[in-house]
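Please open the model in your viewer and keep the sequence panel beside it, since this tour moves from whole chains to single residues. At each stop you will be told what to select and what to look for there.

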Amino acid sequence: MFETLILILDATLRVSTPLILAALAGLFSERSGIVDIGLEGKLLGGAFAAAAAAAVFGSAWIGLLFAIAASVSLALIHGFACITHRGDHIVSGVAINTIVAGLTVTLGLDWFSQGGQTPALTGAARFTPITLPFADQVAEVPVLGLIYSELLSGHNILVYVAFLMVPLTYWVVFKTRFGLRLRAVGENPHAVDTAGISVAWVRYRAVILCGVLCGIAGAYLSTAHNAGFLKDMSAGKGYMALAALIFGKWRPVPVLLACLLFGFLDAVAVRLQGVSLPVIGEVPVQAIEVLPYVLTVLLLAGFIGKAVGPKAIGKPYVKERA
Amino acid sequence: MSQAKVPVWVNVGLIPLFNIMLALLASALVFLAIGENPIEAAGYLLYGAFGYDEGIGYTLYYATNLIFTGLAVSVAFKAGLFNIGGEGQAYIGGLGVGLVCLWFDSSLPLLLIAPLAIIGGALFGAAWAYIPAYLQARRGSHIVITTIMFNFIASSLMVYLMVNWLKQEGLMSPISRTFEESAWLPYLHDLLAPLGIDMGDSPLNLAFILALLCCVFYWALVWHTRWGYQLRTVGTNPTAAQYAGIDNAKVTIWVMLISGALAGLVGVNEIMGVNHSLLLNFTAGYGFAGIAVALMGRNHPVGIILAAMLFGALYQGGGELAFEIPTITPEIVVVIQGLVILFSGALENMFKGKIEAFFLRRAAA
């Protein structure tokens with residue numbers, strides 16, 4: 001029983017990683033007032049760029065760089081439309097998701113001729129599990145040994161990066177000058193402008209950070225969690241990250257918990273497939289899969305707490321001129 | 001100077017056209033990037049879409065779905081709402097159509113089943129839009145997020161229902177039994193053959209006529225009823241609407257019900273017209289494509305028909321293109337669709353100011 005639980009939690013960490021990175025990405029963007037429906041597209045674009053570059057150069061790290069570059073470019077398109085040209089944030093996000101969904105397969109087929117996939121990645125082209133020091137030695141220790149060797153050890157570096165990003169994001173958003181400006185721009189851009197700070201430049205930096213984190217999340221999908229790019233492999237994770245961002249009320253630690261909860265539900269759903277539980281009987285997998293979305297809807301409707309986003313979110317900033 | 005006005009045709013015609021040209025130009029760059037000649041590709045596309053009878057039929061069949069979802073997105077836009085849940089509403093609408101067909105196909109004639117199925121699709125689609133609409137109107141949750149969530153919920157619900165309840169016994173894949181022929185919407189090529197018109201063997205069916213009727217309905221509703229006036233007022237200026245005594249929340253709910261019903265009618269075309277059984281994933285992205293159609297069609301039924309035909313042509317021509325040039329996937333059509341959303345939606349203001357300024361200067365001179 002205990003071992004099963006550890007295995008489920010272990011899977012939770014792996015499933016949550018891209019959600020955490022993408023949700024924190026969304027946090028930077030949305031805190032600055034830019035709605036980001038395009039997390040999904042940036043994730044998918046990052047995954048494709050990472051797998052393609054890793055396949056060509058044989059290095060997961062070069063793949064990661066390409067993923068970040070691709071995702072940041074998409075973020076800049078979003079910024080160009082929403083910040084510079086005051087376009088609709090949601091339309092722009094939908095555009096990016098649509099373009100990426102088509103472009104990855106189109107380019108993939110042209111470059112690798114494998115029906116839109118990238119070649120299977122092996123060796124250095126993937127991020128491989130890291131065994132933490134003494135993990136093997138302490139594996140026999142009851143309870144704690146298993147927790148250390150199974151749950152904490154044996155993940156690839158991007159998993160650890162994702163979890164480190166949470167305190168880092170907290171620090172940047174709540175303890176630095178840039179973070180203060182970032183939050184201010186999302187709440188009251190006029191005040192920021194009056195203080196002599198460029199609203200557009202703060203927002204551009206926010207969407208770039210968003211792009212960087214989405215790129216890492218994408219690289220995780222194709223070069224760490226899987227061994228190559230598959231069509232539509234982000235499979236709604238960007239939207240789920242958006243749900244987690246709202247569920248966590250745009251704050252880093254609650255967002256982390258939301259991602260872990262959603263990841264846990266996912267891991268449990270896989271485990272419970274066709275298993276009959278005492279009393280309730282067999283729970284349909286779909287009922288568990290759908291819980292993150294249902295919970296988010298309930299939260300948004302104010303039935304379980306209240307989610308209030310940044311005040312100026314989605315509104316273009318027009319500088320007043322005399 | 002203040003008297004000078006930008007001519008109407010510039011705003012209604014020139015700027016949208018300019019944006020679409022930019023989108024097509026960007027698409028051409030994508031073709032160049034994968035080493036294909038965009039002009040040659042456009043030739044295959046056009047031939048596939050319009051070059052022969054069956055191709056035209058397919059183009060119109062795709063356009064049927066896109067008219068439904070385009071109108072759905074557009075009517076919500078008119079009231080200032082972004083219904084991104086057309087996909088889920090179409091999916092559940094298809095369920096409604098399918099259930100009607102499965103229940104009545106051996107007991108009722110087509111003349112009764114068809115209206116029942118249309119009502120079923122519209123009701124189910126509307127019901128799926130009702131919850132997000134209610135939550136937006138009464139509890140202030142953002143409709144974009146809720147409708148996205150409802151797309152996923154719809155997808156899980158359909159998998160559950162198909163696998164556990166509606167799947168035909170003894171089949172591996174989750175498909176319902178095939179309806180009796182009394183629940184098949186007639187193909188247009190069957191209807192037109194006695195008149196001596198040969199349409200080839202395309203899946204184009206009567207749902208296309210239904211889609212055109214919906215355009216008329218949309219036009220009458222939005223511009224020729226008191227209710228349409230309310231909805232446009234809410235969309236243009238919600239505060240003014242409130243002062244004028246319009247119940248914004250009520251309008252929000254009603255407009256989303258209509259939007260969901262329109263999206264749900266995709267099921268009539270797909271389930272009753274073509275597949276003749278209930279299955280998974282028949283919506284195939286039409287709900288999202290509806291956003292591009294509505295944007296490109298400038299939220300006017302005539303524009304939406306034209307935009308739906310263009311995208312229908314891209315879908316059908318994309319298949320032809322992939323067949324002629326094996327290094328191209330039909331997914332390239334999705335790229336073009338995305339670029340249209342980008343240039344005529346998100347970036348619509350990019351050149352608007354410059355073009356308007358040009359005409360203002362000319363008018364002033």
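Begin by selecting chain A, which holds 14 helices and 2 strands, where helices (H or I, at least four residues) and strands (E, at least two) are DSSP runs numbered from the N terminus. Chain A has a radius of gyration of 20 Å, close to the 20 Å that the globule rule gives for 322 residues, so chain A is as compact as a globular protein of that length. The radius of gyration is taken over C-alpha atoms, and the globule rule is 2.2 Å times the number of residues to the power 0.38.

Before going further, note that this is a predicted model, in which local features need pLDDT of at least 70 and side-chain atom pairs count only at pLDDT 80 or more, while totals for chains, interfaces and linings use all residues. Residues are numbered from 1 along each chain as its sequence is written, and chains are lettered from A and ligands numbered from 1 in the order in which they are written. The model scores ipTM 0.88 and pTM 0.91. For chain B the mean pLDDT, which is the predictor's confidence in each residue from 0 to 100, is 90, and 99% of the residues of chain B reach 70 or more.

Still with chain A selected, turn the C-alpha trace about its principal axes, along which it spans about 75 × 50 × 40 Å. Of the 322 residues in chain A, 52% are buried; a residue is buried if 20 or more other C-beta atoms lie within 10 Å of its own, exposed if 12 or fewer, and partly exposed in between, with C-beta atoms placed from the backbone.

Next, select A:S113, in the loop between helix 4 and helix 5 (135-138) of chain A. A:S113 has a positive phi of about 50° although it is not a glycine, and it is exposed, with 12 other C-beta atoms within 10 Å. Then move to A:A235, in the loop between helix 10 (199-225) and helix 11 of chain A. Phi of A:A235 is near 45°, again a positive value in a residue other than glycine, and A:A235 is partly exposed, with 13 other C-beta atoms within 10 Å.

Now show both chains together and look at where they touch. How many residues does the contact take from chain A and from chain B? It takes 36 residues from chain A and 39 residues from chain B, two residues being in contact if their C-beta atoms, placed from the backbone, lie within 7 Å. On the side of chain A that touches chain B, the elements that give two or more residues are helix 4 (89-112), helix 11 (237-247), helix 13 (285-289) and helix 14 (291-300) of chain A. Helix 4 of chain A gives the largest share of that side, 15 residues. By class, the side of chain A that touches chain B has 21 nonpolar, 11 polar and 4 charged residues, where Ala, Val, Leu, Ile, Met, Phe, Trp, Tyr, Cys and Pro count as nonpolar, Asp, Glu, Lys and Arg as charged, and the others, Gly among them, as polar.

Select chain B by itself, and you will find 16 helices and 0 strands. The radius of gyration of chain B is 22 Å, close to the 21 Å that the globule rule gives for 365 residues, so chain B is as compact as a globular protein of that length. Colour domain 1 (1-36 + 327-365) and domain 2 (71-283) of chain B separately, remembering that domain bounds come from an automatic or database domain assignment. The centres of these two domains of chain B, taken over C-alpha atoms, are separated by 31 Å.

For a single helix, select helix 11 (residues 248-264) of chain B, whose 17 residues reach 24 Å from the first C-alpha to the last, close to the 24 Å expected at 1.5 Å a residue; the expected span is 1.5 Å times one less than the number of residues. Among the buried residues in helix 11 of chain B are B:V251, B:V255, B:I258 and B:L262.

Finish at B:F359, in helix 16 (residues 352-364) of chain B, which counts as partly exposed with 17 C-beta neighbours inside 10 Å. Leaving aside its neighbours within four places in sequence, B:F359 is in contact with B:V6, B:P7 and B:V10. Add B:K5 to the selection: B:F359 and B:K5 are 354 residues apart along the chain, yet their C-alpha atoms are separated by 8.1 Å.
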